[in-house]
Amino acid sequence: MKKFFSLENVFSAQNLTIMALLVAVDVVLARFTTIHITAQFTLVSFEYIPAAIVSALFGPWAAIVFGVVADTVGYWSNPIGPYLPVWAISAIVGNLITSTFLYRGKFDWWRIIVVRILIMLIVTMGLNFIWQSIYFGAAAAKYYNSVRIISNLVQLPIQVILIRFFGKLALKITERMENSRHSAE
């Protein structure tokens, strides 16, 4: 567990550049591929892909930073509804769950399935329900959660496949970058 929380090489120039590019991808995905039913309820989104890649490649500290930055930049680049800083907590928790299971590029099917189910239960059905209850009332939160259950179950296999595909692709790209950097030295 000591290596899991290590900051060693997490915030190198190369890793920060990769994370910044993935924040940009996250923002673009949020803006152009997200389907909103209302300002407070997202039906379909692909923002989880860059978050999963950062969490898996760089670990929990990068996952925390990525969650806060991507959530904040994402909102301010395309504000839908009121700005609610507590949503960053949901992003952080989701990314920490992801880094717990996928860190060091462990994109096994079962790990990805467990990650997405835990995020669905803890973040989507738990934390997001609390935030919506506080800000929009319990009745609205109950309605959105009931619809969200169906949406999450339908999206689960798609999420698992996309995380595995793009995660493996990101691993290959970063390995090539490392190899080319070492051969240049």
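How many of the eleven residues of helix α2 are buried? Eleven of its eleven residues are, so to speak, under cover, where buried means under 20% relative accessible area, exposed over 50% and partly exposed in between, with a 1.4 Å probe and protein chains only. Let us walk through the rest of the structure and then return to this helix.

## What you are looking at

This is a predicted model, in which local features need pLDDT of at least 70 and side-chain atom pairs count only at pLDDT 80 or more, while totals for chains, interfaces and linings use all residues. Residues are numbered from 1 along each chain as its sequence is written, and side-chain values use heavy atoms, with hydrogens and water left out.

## The whole chain

The protein chain holds six helices and two strands. Helices (H or I, at least four residues) and strands (E, at least two) are DSSP runs, numbered from the N terminus. Read from that end, the elements follow the order α-β-β-α-α-α-α-α. With a radius of gyration of 17 Å, close to the 16 Å that the globule rule gives for 185 residues, the protein chain is as compact as a globular protein of that length. Here the radius is taken over C-alpha atoms, and the globule rule is 2.2 Å times the number of residues to the power 0.38. Along the principal axes, the C-alpha atoms fill a box of roughly 60 × 35 × 30 Å.

Of the 185 residues, 42% are buried. Contact means heavy atoms within 4.5 Å. Among contacts between residues at least 6 apart in sequence, 72% join residues at least 24 apart.

The surface can be described too. The protein chain exposes about 9,800 Å², and carbon and sulfur atoms supply 71% of that area; accessible areas come from the Shrake-Rupley method with a 1.4 Å probe, and for residues only the protein chains shown count as cover.

## Helices α1 and α2

Helix α1 covers residues 13-32, which makes 20 residues. From its first C-alpha to its last it reaches 28 Å, close to the 28 Å expected at 1.5 Å a residue; the expected span is 1.5 Å times one less than the number of residues. Its buried residues include Asn15, Ile18, Met19, Leu22 and Asp26. They belong to a set that packs against α2 (48-58), α3 (60-77) and α6 (138-184).

Back to α2: its buried residues include Tyr48, Pro50, Ile53, Ala56, Leu57 and Phe58. Which helices do the buried residues of α2 pack against? They meet α1, α3, α4, α5 and α6. Just after α2, glycine 59 takes a positive phi of about 90 degrees.

## The loop between α4 and α5

Arginine 104 sits in the loop between α4 and α5. Its phi is positive, about 75 degrees, although arginine 104 is not a glycine. Glycine 105 is found in the loop between α4 (87-102) and α5 as well. Leaving out residues up to four places away in sequence, glycine 105 touches Ala56 and Leu171, and Ala56 is one of the buried residues of α2.

Glycine 105 and glycine 167 are 62 residues apart along the chain, yet their C-alpha atoms are separated by 7.3 Å. Alanine 170, in helix α6, is 65 residues from glycine 105 in sequence and 9.0 Å from it in space, C-alpha to C-alpha. Beyond its neighbours within four places in sequence, alanine 170 is in contact with Ile53 and Leu57, which are among the buried residues of α2.

## Some buried residues

Here are five residues with their places and relative accessible areas.

| Residue | Place | Relative accessible area |
|---|---|---|
| Valine 115 | helix α5 | 2% |
| Alanine 170 | helix α6 | 10% |
| Threonine 124 | helix α5 | 11% |
| Glycine 105 | loop between α4 and α5 | 13% |
| Threonine 34 | loop between α1 and β1 | 14% |

What surrounds the residues of α5? Setting aside residues up to four places away in sequence, valine 115 touches Ile97, Thr98, Phe101 and Leu102. Threonine 124, in helix α5 (residues 109-136), is in contact with Ile119, Phe129, Asn145, Arg148 and Asn152 when its neighbours within four places are left aside.

Other pairs are set apart in space. Valine 115 and serine 77, 38 residues apart along the chain, have C-alpha atoms separated by 28 Å. Threonine 34 and leucine 171 are 137 residues apart in sequence and 25 Å apart in space, C-alpha to C-alpha.
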